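Student: Could you take me through one part of this model up close? I would like to look at the nonpolar interior and at the side chains that gather around it.

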Amino acid sequence: MSKHIKQSCLYNLPSGAAVHPCRLIHKDGTLMWKHALLSTDNEANVPATESQEQHIIKTAQRLEELHSWVSQELEPWQCFLIYAWYSPYDSELTDGICVYFTHAIYNNNDIYDSLLPHIQAHETLEQRDGLLFYKRC
């Protein structure tokens with residue numbers, strides 16, 4: 001990380017990595033660490049264990065793969081909008097494998113219909129309260 005960024009601006013992950021909130025979880029991806037770790041009240045929820053950190057990384061990778069079935073032009077405004085991902089205060093979101101999201105330009109029904117054929121047996125995709133819910137395991 002750059003020497004010119006204040007250390008207080010970085011998230012210190014259990015693996016020892018210090019990442020800026022706007023750093024992409026995966027190179028050439030669209031999802032940033034802030035999408036995974038910021039709660040609705042803009043509080044950063046840094047994972048407590050390396051396994052939670054790895055779950056977030058693997059879930060981000062899978063979301064990027066699924067996103068390629070929806071937005072093949074890869075324009076930055078054609079992205080998933082994350083509403084909730086990791087939170088130690090929500091029993092459903094404590095492991096980093098579940099995500100609530102929508103899409104920036106497509107409606108949930110279209111996204112759901114596009115993604116459902118690509119959801120694997122160990123994954124879940126549901127529509128819940130105006131959002132899409134994805135669970136990796």
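Tutor: Happily! Let's begin with the largest nonpolar core, which has 25 residues; among them, W85 and F101 touch the most other members. Please keep in mind that this is a predicted model. At least two residues of this core come from each of α1 (33-37), α2, β3, β4, α3 (108-115) and β6. Helix α2 gives the most, with five residues.

F101 is a good place to zoom in. If you set aside its neighbours within four places in sequence, F101 is in contact with L63, F80, L81, I82, Y83, I111, L115, L125, L131, L132 and Y134. Beside this core there is a second, separate one of seven residues, including L93, I97, Y100 and F133.

Now for the rings. The model holds two aromatic pairs. In one of them, F80 and F101 are tilted against each other, with 4.6 Å from centre to centre and 55° between the planes. Because F80 lies in strand β3 (residues 80-84) and F101 in strand β4 (residues 98-103), this pair ties together parts that are 21 residues apart in sequence. F80 and F101 are both buried.

The other pair brings us to members of the second core, Y100 and F133. Their rings are also tilted, at 5.0 Å centre to centre and with 50° between the planes. Here too, distant parts of the chain are linked: Y100 belongs to strand β4 and F133 to strand β6 (residues 131-135), 33 residues apart. Both Y100 and F133 are buried.

From F133 we can step to a charged neighbour. R128 lies over the face of F133, and its distance from the ring centre is 3.7 Å. R128 itself is partly exposed, with a relative accessible area of 25%. R128 also takes part in a salt bridge with E92, where the closest N and O atoms are 2.7 Å apart. This bridge joins distant parts of the chain, since E92 sits in the loop between β3 and β4 while R128 is in strand β5 (residues 124-128), 36 residues away. E92 is partly exposed at 29% relative accessible area. R128 meets a further partner, E126, in a salt bridge of 2.7 Å from N to O. E126 is likewise partly exposed, with a relative accessible area of 31%.

Another group of charges is worth a look: R62, E65 and E123 are joined into one network by salt bridges that share partners. Within this group, E65 and R62 form a salt bridge whose closest N and O atoms are 3.1 Å apart. These two residues are three apart in helix α2 (residues 50-70), so about one helical turn separates them. Their surroundings differ in accessibility: E65 is partly exposed, with a relative accessible area of 36%, whereas R62 counts as buried at 10% relative accessibility. In total, the model has four salt bridges.

To retrace the path: we started at F101, one of the two residues that touch the most other members of the largest core, went on to the Y100 and F133 pair, and then followed R128 from the face of F133 to its salt bridges with E92 and E126.

Terms used:
Residues are numbered from 1 along each chain as its sequence is written. This is a predicted model: local features need pLDDT of at least 70, side-chain atom pairs count only at pLDDT 80 or more; totals for chains, interfaces and linings use all residues. Side-chain values use heavy atoms; hydrogens and water are left out. Rings of Phe, Tyr and Trp (its six-membered ring) pair if their centres lie within 6.5 Å; planes under 30 degrees apart count as stacked, over 60 as edge-to-face and the rest as tilted. Helices (H or I, at least four residues) and strands (E, at least two) are DSSP runs, numbered from the N terminus. Buried means under 20% relative accessible area, exposed over 50%, partly exposed in between (1.4 Å probe, protein chains only). A charge sits over a ring if NZ of Lys or CZ of Arg is within 6 Å of the ring centre and within 35 degrees of the ring normal. A salt bridge is a side-chain nitrogen of Lys or Arg within 4 Å of a carboxyl oxygen of Asp or Glu. A nonpolar core is a set of buried Ala, Val, Leu, Ile, Met, Phe, Trp, Tyr and Cys residues joined through side-chain atoms within 4.5 Å. Contact means heavy atoms within 4.5 Å.
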